[in-house]
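Here are some short exercises on a ligand site, each with a worked solution. Have a go at each task before reading on.

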Amino acid sequence: MIDLHSHTNESDGTFTPAELVDEACAIGLEALGITDHDIFAGFDQALPLARERGLDLVCGIELSTRAPFGRGQKTVHMLGYFLDGGPSDGFRAWVGRLLASRRERNIRLIRSLNEHGVEISLGEVEAMGRSLTGRPHFARVLMNKGYVKSTEEAFRRYLAESAPSFVERDSPVIEDAIREVAAGGGVSVIAHPVRLGFRRHEEEEHFIAGLAEKGLRGIEVWHSDHNEADTARYLALANKLGLLKTGGTDFHGGNKPGLKLGTGRDGNVSVPRVVLDELRERAAVVR
Ligand code: AMP
Ligand code: FE
Ligand code: FE
Ligand code: ZN
């Protein structure tokens, strides 16, 4: 069993890097990918612990990017995997700048929530996380203060793109992210493509094929949000376009209740081991 998509409490998960390594060993994972949003601190801390325990740890990151779509823009989550010695210093510096833009978004989000009648301060949300504050931390505070009953309700009413108090984040365009990941020694993969929300499969295929032309290297085929039909479709699409395949649960601990590391929701994620071998074999080969 392998799981190439997980988050620690250095981004918006609730497990410390050490707890995540413990859990991976306890359930008998052969390989674990840590893919925190905009930060490598979780991976950096987990690496020596994983080495001690004989767990194959894969270095990853999850980036929020923008892509043109119709007349507007779509937010696209992109995974970067660094199979060979980790990311370059240049890439780490680029990611550090993304972290700064996130803080600026958080200041505006606080202001917007205040304008929508929610009494909440930056200090309160920042206290929920470590180096990075994300919307799941806002959701926690909204719950603790009794504004909402669940994470879902927090997003629906206040934090999701469709909510009146939502604020846009200054994120890189996907071409730039693909280029930066490649220059930093990594492989770029489109994360949980089902969340792009395409109604027609031909449009979805056209969009992903366009990204492949811009240098995208893979598709996340297995994911806790994918049903059997989604997984089959993305597997076929990856094969058709000659893209790499990855997969993982997107484990966030208590910030995504009901999801188990390694197997997702009721065992709906089952990533073949060979996927990681192919990723390593082809990581260095530029298409
Ligand atoms: P941020 O990166 O701070 O903009 O927050 C995005 C994160 O919020 C995602 O990576 C998910 O972990 C979480 N998230 C986004 N939408 C939802 C939702 N509808 N329900 C629960 N969590 C969500
Ligand atoms: Fe997240
Ligand atoms: Fe994501
Ligand atoms: Zn994720």
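**Exercise 1.** In this predicted model, find which polar contacts link ligand 1 to the side chains of R135, R102 and H252.

*Solution.* Start with R135: an N or O atom in its side chain is 2.8 Å from an oxygen atom of ligand 1. Next take R102, where a polar side-chain atom lies 2.9 Å from a ligand oxygen. Then turn to H252, whose side chain places an N or O atom 3.1 Å from an oxygen of ligand 1. With a cut-off of 3.5 Å, each pair counts as a polar contact.

**Exercise 2.** Describe the shell around ligand 1 by residue class and by helix.

*Solution.* First sort the shell by class: four residues are charged, five polar and two nonpolar. D12, H37 and F155 are among the residues around the ligand. Now assign helices: α3 (89–115), α5 (135–144) and α6 (151–159) each contribute at least two shell residues.

**Exercise 3.** Work out where ligand 1 lies relative to domain 1 and domain 2.

*Solution.* Begin with the pocket: ligand 1 occupies the largest one. Then check the domains: domain 1 (2–88 + 173–286) and domain 2 (97–159) both supply shell residues, so ligand 1 lies between them.

Methods
Residues numbered from 1 in each chain as written. Chains lettered and ligands numbered in written order. Predicted model: local features only at pLDDT ≥ 70, side-chain atom pairs only at ≥ 80, totals over all residues. Heavy atoms only, no water. Near = heavy atom within 4 Å. Polar contact = N/O pair within 3.5 Å; in protein donor to acceptor, adjacent residues only side chain to side chain. 1 Å grid on protein atoms, 1.4 Å probe; cavity = no way out; pocket = protein on both sides within 12 Å on 5 of 7 lines; lining within 4 Å. Sits in = over half its atoms within 2 Å of the grid points. Helix = DSSP H or I, 4+ residues; strand = E, 2+ residues; numbered from the N terminus. Nonpolar A, V, L, I, M, F, W, Y, C, P; charged D, E, K, R; others polar. Domains from an automatic or database assignment.
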